[in-house]
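Work through the exercises below on the packing of nonpolar and aromatic side chains, and compare each solution with your own inspection.

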Amino acid sequence: MRGVIEGFYGPPWSFADRCTVIEFLAVRGMNAYVYAPKSDPKHRDRWRDRYDSSELADFRTLVEHAAQHDTRFGFALSPGLDIDYGGRRDQGLLVDKLAPMLDLGVDWLVLALDDIPTRPGLAVEQAQMAAWLLDALRRRRADVHLTVVPTEYVGTRPTAYLESLADELPPEVDVMWTGPTVCSPVIRAADARAWASSLAGRRPLLWDNYPVNDGTMVRSLHLGPYRGRTADLTDELDGVLCNPMLQAYASQVPLATAAAYLCDPEEYDPDASWSRAIAVVGRSRAAALGAIATACADSPVRAAEHLDAHVLTTAVLRSADDPGWPNAVRALRDHLTAARAAAGAWADAGDDPLGTELAPWLADAATEAEAGLAALRLIQQTYPVARLSDDGTGTAVGPNAELAMIHAFAVVFSWTAARRTKHVVFGPRFAFYPAVVQLEDGRPGLDVDLGVVEDQSAIDRLCRIALARYQTWSRRPLQPVGVIVDGASAVIASDGSFSAPGAQSVVVAAGPDATEVGENAGALPFPDARFG
């Protein structure tokens with residue numbers, strides 16, 4: 001089983017969105033969809049309330065659409081907040097709520113008992129109710145299948161709850177599991193085997209909380225590829241259901257990569273699959289989608305330090321003492337420029353749903369990127385630079401205190417604007433992932449190190465690097481500018497001009513700082529006012 005469980009907190013998808021995603025994923029080998037949006041009042045808070053005729057008509061369309069695309073449809077109900085497990089009234093209401101789904105042709109029902117307090121004896125009550133429910137439903141439809149989402153759904157260690165659940169639950173009832181934690185960075189085959197052992201050998205159905213971005217993660221888009229699942233994991237599972245983002249169309253990017261993994265775990269290449277997904281989802285706007293996806297590729301399964309912006313910022317930092325520093329600055333400039341320009345790709349798109357979903361992040365990416373570009377301009381201002389004409393004549397200039405100060409102010413102003421943004425791009429300043437885990441003795445706990453992510457903004461890091469470099473430069477005495485042509489010092493006129501006809505290597509230096517110039521070195525990253 002390979003599919004999606006719409007199980008997040010927050011505004012549920014529309015029925016049209018569900019149909020679109022089912023069709024998109026079916027082409028890519030996914031074959032299951034479960035309706036389980038926590039914020040549908042009739043799914044959880046008011047689970048006893050029956051769907052009206054209009055709502056049931058929407059479900060009928062969705063069920064039929066899934067069938068047309070060879071996708072198994074599951075309907076979930078989450079009554080755990082206040083159900084009387086052994087009470088006849090609630091048992092009757094439960095069957096009354098689910099019966100219309102059977103009438104629509106639904107043969108897979110999910111009893112979601114997650115995200116509620118646990119207590120002694122709870123597992124036995126839940127298992128007995130599930131057994132009663134399965135029997136009651138099969139009297140109406142013999143081929144109905146039941147899956148349970150247990151109250152304890154994370155970890156790899158046995159607990160009294162899990163042991164009781166396994167003892168009482170009918171063997172044909174599936175049990176869901178989210179891995180070692182709620183949003184698991186890594187899930188291995190050994191983890192699944194350990195969980196199965198906790199349930200007396202019952203293979204888990206993985207509720208994989210990627211790329212979901214609900215709760216404390218709503219400021220983020222998780223647009224990176226599916227990662228952290230070993231190739232042999234699927235051998236130990238009854239299936240995988242990915243919990244998507246609140247954004248149905250943006251979710252198609254990571255979900256397409258999950259489909260690629262699930263269809264062929266041994267050959268799965270995250271980056272190659274990601275490139276294909278971006279091309280398919282972005283279509284004519286693939287370049288812009290790629291730019292924002294790259295800026296929003298961090299998540300519980302991929303630390304922000306792996307973002308291209310961080311990698312390129314590290315390259316800028318490491319090149320500070322290298323005359324070839326412009327190469328690293330140009331690479332990061334191009335990355336940030338693409339992100340800044342991405343919003344423009346949807347300027348004429350009207351009500352394109354993908355553009356609408358991405359819009360808040362596109363706008364904030366432009367603001368963040370502008371701060372990063374300002375930082376790179378300041379870095380250039382702290383180096384001596386030169387320009388070389390085709391005839392071999394050149395002009396060298398050192399840093400200009402007033403211009404450098406103006407650029408430093410530009411960094412401060414644009415960085416201030418960036419720090420006011422609400423959405424996470426280029427890494428979070430603060431994020432929290434719901435890292436509920438099992439402690440050594442099986443009790444639930446919070447892994448603070450895994451859950452709390454601080455100071456991971458590549459833009460903040462870049463601005464600090466630029467301002468620190470400016471500070472270091474500004475405290476040094478003024479240094480004379482020199483030019484080295486093919487390893488030998490060149491004569492520089494008072495206006496900074498020099499001659500280097502036929503030169504293979506030209507380096508301009510001032511104190512400890514140097515810049516390689518010329519055809520082989522490429523142009524400066526930015527136009528420079530020091531040349532007038």
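The exercises that follow concern a predicted model.

**Exercise 1.** Identify which residues touch the most other members of the largest nonpolar core, and which helix gives the most to this core.

Solution. The largest nonpolar core holds 147 residues, and the members that touch the most others are Phe73, Phe75, Leu109, Leu358, Leu376 and Phe426. Helix α12, which spans residues 353-381, gives the most to this core, with 13 residues. A second, separate core has 13 residues, among them Val110, Ala112, Val149 and Trp207.

**Exercise 2.** List the contacts of Phe73, leaving aside its neighbours within four places in sequence.

Solution. With those neighbours set aside, Phe73 is in contact with Tyr33, Tyr35, Phe59, Leu62, Val63, Ala66, Val106 and Trp108.

**Exercise 3.** Classify the ring pair of Tyr261 and Tyr268, and decide for each residue whether it is buried or exposed.

Solution. The structure holds 14 aromatic pairs. In the pair of Tyr261 and Tyr268 the ring centres lie 5.7 Å apart, and because the planes stand at 80 degrees, the pair is edge-to-face. For the second part, the cut-off for buried is under 20% relative accessible area. Tyr261 has a value of 2% and is therefore buried, and Tyr268, with a relative accessible area of 16%, is buried.

**Exercise 4.** Determine which residues are linked into a cluster by ring pairs, and where the charged ends of Arg18 and Lys97 sit.

Solution. Ring pairs join Phe15, Tyr35, Tyr51, Phe59 and Phe75 into a cluster. The charged end of Arg18 sits over the ring of Phe15, 4.7 Å from its centre, while that of Lys97 sits over the ring of Tyr51, 4.9 Å from its centre.

Note on methods
Residues are numbered from 1 along each chain as its sequence is written. This is a predicted model: local features need pLDDT of at least 70, side-chain atom pairs count only at pLDDT 80 or more; totals for chains, interfaces and linings use all residues. Side-chain values use heavy atoms; hydrogens and water are left out. A nonpolar core is a set of buried Ala, Val, Leu, Ile, Met, Phe, Trp, Tyr and Cys residues joined through side-chain atoms within 4.5 Å. Buried means under 20% relative accessible area, exposed over 50%, partly exposed in between (1.4 Å probe, protein chains only). Helices (H or I, at least four residues) and strands (E, at least two) are DSSP runs, numbered from the N terminus. Contact means heavy atoms within 4.5 Å. Rings of Phe, Tyr and Trp (its six-membered ring) pair if their centres lie within 6.5 Å; planes under 30 degrees apart count as stacked, over 60 as edge-to-face and the rest as tilted. A charge sits over a ring if NZ of Lys or CZ of Arg is within 6 Å of the ring centre and within 35 degrees of the ring normal.
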